[in-house]
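Please look over the sequence and the fold shown here before reading on. The report that follows moves from one helix to its surroundings and then to a few single residues.

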Amino acid sequence: MKVVQTNQAPAAIGPYSQGIIVNNLFYSSGQIPLTAEGVMIEGGINEQTHQVFKNLEAVLTAAGASFETVVKATVFIKSMDDFTAINEVYGEYFSTNKPARSCVEVARLPKDALVEIEVIALVK
């Protein structure tokens, strides 16, 4: 087991890692729309979703993985009304590789984020 940590994504805000590699699989922690410095970004669902993907890209890169090697994504959203907007942004990052996915509406996310995404990816 190997812990993944990068300064290009926000540090964990609790007792967990940004991600873990076991064998050839990378498991990310959920990413919310914080900057690498830990500041919640301004803006609505589109801006927040792009920041989440920026964070995911950073931890995937640190793990030796990429959006092309993601096999499963789990999307947590504060409101199912944002589903279409999130899907549009999601499709920009998963245009060729379309991993398995779950999407659930939740009552509340850390720091009152509108979206949180975690992924499982193959390590190159």
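The sections below describe a predicted model, beginning with a helix and what packs around it.

## Helix α1 and its surroundings

Helix α1 covers residues 45-63, and its length can be checked by simple reasoning: at 1.5 Å a residue, its 19 residues should span 27 Å, and because the C-alpha atoms at its two ends are 27 Å apart, the expected and modelled values agree. Just after α1, G64 adopts a positive phi of about 80°.

The buried residues of α1 are I45, Q48, T49, Q51, V52, F53, N55, L56, A58, V59, L60 and A63. An α-helix has 3.6 residues a turn, so residues three or four places apart point the same way. The buried residues of α1 pack against several other elements, namely the strands β1 (2-4), β2 (19-22), β3 (25-28), β4 (70-77) and β6 (115-122), together with the helix α2 (83-93).

## The nonpolar cores

The largest nonpolar core has 26 residues, and among these F53, L60, V115 and I117 touch the most other members. Two or more residues come to this core from each of α1, β4, α2 and β6, with α1 giving the most, 8 residues. Apart from this core lies another, of 5 residues, which include I32, L34, F76 and L109.

V115 is one of the residues that touch the most other members of the largest core, and its contacts can be listed in full once residues up to four places away in sequence are set aside. On that basis V115 touches Q31, I32, P33, I45, Q48, T49, V52, V75, F76, I77, I86 and L109.

## How α1 meets α2

Two packed helices are described by the angle between their axes and the distance between the axes. For α1 and α2 the angle is about 30° and the axes are 9 Å apart, and α1 passes α2 in a right-handed crossing. On the α1 side the contact is made by I45, N46, T49, H50 and F53, while on the α2 side it is made by A85, I86, V89, Y90, E92 and Y93. Sorted by class, the residues of this contact are 7 nonpolar, 3 polar and 1 charged.

Y90, which lies in helix α2, counts as buried because its relative accessible area is 8%, under the 20% cut-off. Leaving aside neighbours within four places in sequence, Y90 is in contact with F53, A73, V75, P99 and R101. Of these partners, V75 is 15 residues from Y90 in sequence, and the two C-alpha atoms are 9.8 Å apart in space.

## A buried glutamine in α1

Q48 is found in helix α1, and at 6% relative accessibility Q48 counts as buried, since the cut-off for that class is under 20%. With its neighbours within four places in sequence left aside, Q48 is in contact with P33, I41, G43, A113, L114 and V115.

## Residues in the loops

M40 is found in the loop between β3 and α1, and with a relative accessible area of 24% this residue is partly exposed. M40 touches P33, L34, P110, K111 and A113, not counting residues up to four places away in sequence. The C-alpha atoms of M40 and D112 are separated by 9.4 Å, although the two residues are 72 residues apart along the chain. K111, one of the residues touched by M40, is placed in the loop between β5 (100-105) and β6; its phi is near 60°, a positive value in a residue other than glycine.

N23, in the loop between β2 and β3, likewise has a positive phi in a residue other than glycine, near 55°. At 76% relative accessibility, N23 counts as exposed. A11, found in the loop between β1 and β2, is also exposed, with a relative accessible area of 53%. The C-alpha atoms of A11 and A36 are 7.3 Å apart in space, while the residues themselves are 25 residues apart in sequence.

How values were computed. Residues numbered from 1 in each chain as written. Predicted model: local features only at pLDDT ≥ 70, side-chain atom pairs only at ≥ 80, totals over all residues. Heavy atoms only, no water. Helix = DSSP H or I, 4+ residues; strand = E, 2+ residues; numbered from the N terminus. Expected span 1.5 Å × (residues − 1). Buried < 20%, exposed > 50% of the residue type's maximum accessible area, 1.4 Å probe, protein only. Contact = heavy atoms within 4.5 Å. Core = buried A, V, L, I, M, F, W, Y, C linked by side-chain atoms within 4.5 Å. Axes fitted to C-alpha atoms, helices over the stretch in contact; angles between N-to-C directions. Left-handed = near helix turned anticlockwise from the far one by under 90°. Nonpolar A, V, L, I, M, F, W, Y, C, P; charged D, E, K, R; others polar.
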